[in-house]
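Please find below my notes on the model you sent round, set out as numbered points so that each can be checked against the coordinates.

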Amino acid sequence: MKILHLDTNHELLINQLNDLGFTNHEDYTSSKETIEARISDYDGIILRSRFTIDKSFLDAAKNLKFIGRVGAGLENIDVEYAKVKGVELIAAPEGNRNAVGEHALGMLLSLFNKLNKADAEVRQGKWLREANRGVELDGKTVGIIGYGNTGKSFAKKLKGFDVEVLCYDILDDVADENAKQVSLQELQEQADVVSLHTPQTVLTLNMINTVLINQFKNPFWFINTARGKSVVTADLVSALKSGKILGAGLDVLEYEKTSFEALFSSEMPEAFQYLINAKNVILSPHVAGWTVESKEKLAQTIVDKIKAKFC
């Protein structure tokens, strides 16, 4: 079987697939159109998020047996049409779940203790102790929306704190020893912290909006290490201004595109302008799942799943 690699990944991925007898080709620069013109030569594709695998591409991939997505989500693939075409979809949510859980906890603790703000001030010669008095996580109720791989990982990281952890998911019976499953309404009544761990689907697009935010009984802290388009940024900013949301840690943004940097050379959305200047907001560039260890784990997970299915 011939596999086309469209993004660079950990070297073990190609090395181990070679050892398993697969033929591996790499193309990290050609346009989608160029690749589509010759994709019928390949039995498998491995990519991260370089471009969208749509109906046109899948129709051209006449011999395609699988797509390996080195990451957790499949939103850059037309999943339903791939299934119609008999293409196996292989993702690796297990590979970076620990990294995401740690990143979410790091963001939360940084917000509670104003670490980013305090660090910037000390570097400017300001020694403002009272202005940087923090709050403690112990005694809080943490609500996790989406209790799959990363949601469970975050809950596990919270075990060392004296907190109550609640989870809400569209699936039944996902609770474990680290979190109690409740209705969305119950989570909204109790949560002091809300962490989002959902995939990008038609159900989750724009789900964090003014209506949902205002249904929470208490002001809360918000963490998003999931997908940027699940949050209406303008509504989030309104809640930050009103105090309904006390602070936000955002690893993902609805404005993300292939070239996110273009936001800084064109007309910047007003809501994003607020976020980059807000002292109770922490931003990171979609790296919650990107650690030295997760790079290897993601690649190994893909290899193991291909081996189990096709060897």
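The points below take up a helix, two single residues, the cysteines, a cavity and a pocket in turn.

1. The model is a predicted one, and every value quoted here should be read as computed from that prediction.

2. I would begin with helix α1, which spans residues 11-19 and in which L12, L13, I14 and L17 are buried. The partners against which the buried residues of α1 pack are three strands, namely β1 (2-5), β2 (23-26) and β3 (44-47), together with the helix α12 (292-310). Just after α1 comes G21, whose phi is positive, at about 100 degrees.

3. Strand β3, one of the elements packed against by α1, contains I45. Is I45 buried or exposed? I45 has a relative accessibility of 0%, and because buried means under 20% relative accessible area, I45 counts as buried. Leaving aside neighbours within four places in sequence, the contacts of I45 are with I3, L4, L6, I39, F57, L64, F66, I67 and G68. As a distance to check, the C-alpha atoms of I45 and H25 are separated by 9.7 Å, the two residues being 20 apart along the chain.

4. N76 deserves a closer look, since its place is in a loop, the one between β4 (66-69) and α4 (79-84), while its relative accessible area is 9% and N76 is therefore buried, the cut-off being under 20%. Which groups does the side chain of N76 reach? The backbone oxygen of R48 lies at 3.1 Å from the side chain of N76, and the side chain of R69 makes a polar contact with that of N76 at 3.5 Å. With neighbours within four places in sequence left aside, N76 is in contact with L47, R48, S49, F51, T52, I53 and R69, so that both R48 and R69 appear in this list as well.

5. On the cysteines, a search of the whole structure finds zero disulfides. C167 has a relative accessible area of 0% and is buried, whereas C311, with a relative accessible area of 56%, is exposed because that value is over 50%.

6. How many cavities of 30 Å³ or more does a search of the whole structure find? The search finds one, and the space in the largest cavity is about 40 Å³. Its lining consists of N224, G228, V231, T233, L236, L250, V252, L253, E254 and L275; sorted by class, these are six nonpolar, three polar and one charged.

7. The second largest pocket holds about 270 Å³ of space and is lined by 14 residues, with N116, K117, A278, K279 and V281 lying nearest its centre. Two or more lining residues come from each of α6 (115-123), α11 (270-277) and β12 (281-283), and α6 gives the most, with four residues. By class, the lining of this pocket has seven nonpolar, three polar and four charged residues.

8. To draw the points together, I would ask colleagues to inspect the surroundings of N76, with its contacts to R48 and R69 among others, and the lining of the second largest pocket, where four charged residues are found beside seven nonpolar ones.

Conventions. Residues numbered from 1 in each chain as written. Predicted model: local features only at pLDDT ≥ 70, side-chain atom pairs only at ≥ 80, totals over all residues. Heavy atoms only, no water. 1 Å grid on protein atoms, 1.4 Å probe; cavity = no way out; pocket = protein on both sides within 12 Å on 5 of 7 lines; lining within 4 Å. Points joined across faces, edges and corners; volume = space filled by probe spheres on them. Nonpolar A, V, L, I, M, F, W, Y, C, P; charged D, E, K, R; others polar. Disulfide = S-S within 2.5 Å. Buried < 20%, exposed > 50% of the residue type's maximum accessible area, 1.4 Å probe, protein only. Polar contact = N/O pair within 3.5 Å; in protein donor to acceptor, adjacent residues only side chain to side chain. Contact = heavy atoms within 4.5 Å.
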